[in-house]
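User: I should like to work through this protein with you, question by question. Please begin with the surroundings of a single residue and then turn to the whole chain.

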Amino acid sequence: MVTATSNAFGLNGNTSGSAGAGNAVAPAASPVSANKDMFTKLLVAQIRNQDPLAPSNPATFVNQLSQLSQTEALENMTQTTAASATMLQSLQVLAMGGQVGNQVSVETSRVQLGDTPLQGSVQLGGASNLTHLVLTGATGTQTRIELPPHAAGAQGFTIDPAKLGLPAGKYSIAAEAADGTKPAVEIDGRLNSVRLSSTGGIVMQVAGIGDVEPGWITGFNGKTTGADAPVTFN
């Protein structure tokens, strides 16, 4: 430290007149440098304290130095990987942030009903003569909506809470095809925001669903045009 060196020579560490100049603290060494310094000190101590009558094989010290170099390389690689992951995550947030305001499709098992209709689709793996859309409220009350026969693929639907008499709130949602399978349900909603969670993950807030993870997104659909809206079932 600068202060210790100045005092050793009988100098005042605050010659500049600044209150903090004499108390400057050297930056902390990085983990890699600290490990290297410790290893070097141990190696020097080992060489100094070896038995003069039975000195250690020099190849042993060479191997130890080689291990130190490998350890440093691994630590540097770990730091580089961590920095790259942080940068990639930042780029993902920026890219997804550019989609805010657009419509997205989300595969989900829960929805948030309000005053406006909610649109989505059932992803049928095969033709179904009768498919049920099942909404379950917080009290466990189920509302079953019948969808007409449909071929394999996406069968669109619209849930109108007012016509169905469903109060606003959170619901679980599932689909049941005629063959007993439970195809995935996708809900279309406006992407309202993108943010980083307290744990460092990416959280996307979608209207009609709530907070979702990026992996739940199945499609970015652009701005709503109002055309080709699916039929409302009530």
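**Contacts, core and overall make-up**

Analyst: In this predicted model, His 132 is in contact with Arg 144, Ile 145, Glu 146, Ala 174, Ala 175 and Glu 176, once its neighbours within four places in sequence are set aside.

User: Is His 132 buried or exposed?

Analyst: His 132 lies in strand E4, which covers residues 131-136. A residue is classed as buried when its relative accessible area is under 20%. Because the relative accessibility of His 132 is 16%, this residue counts as buried.

User: Which strand gives the largest share of the largest nonpolar core?

Analyst: The largest nonpolar core holds 29 residues, and those touching the most other members are Val 111, Leu 133, Leu 135, Phe 157, Ile 159, Ile 173 and Ile 187. The largest share of this core amounts to four residues, and it comes from residues 184-196, strand E8.

User: Which residues does Val 111 touch, not counting those up to four places away in sequence?

Analyst: Val 111 is one of the core residues that touch the most other members. With residues up to four places away in sequence not counted, Val 111 touches Gly 169, Lys 170, Gly 208, Tyr 171, Leu 118, Leu 135, Ile 173 and Ile 187.

User: What percentage of the residues of the protein count as buried?

Analyst: The protein comprises four helices and 11 strands. Its accessible surface is about 14500 Å², with 57% belonging to carbon and sulfur atoms. Of its 234 residues, the portion that counts as buried is 28%.

Methods: Residues are numbered from 1 along each chain as its sequence is written. This is a predicted model: local features need pLDDT of at least 70, side-chain atom pairs count only at pLDDT 80 or more; totals for chains, interfaces and linings use all residues. Side-chain values use heavy atoms; hydrogens and water are left out. Helices (H or I, at least four residues) and strands (E, at least two) are DSSP runs, numbered from the N terminus. Buried means under 20% relative accessible area, exposed over 50%, partly exposed in between (1.4 Å probe, protein chains only). Accessible areas come from the Shrake-Rupley method with a 1.4 Å probe; for residues, only the protein chains shown count as cover. A nonpolar core is a set of buried Ala, Val, Leu, Ile, Met, Phe, Trp, Tyr and Cys residues joined through side-chain atoms within 4.5 Å. Contact means heavy atoms within 4.5 Å.
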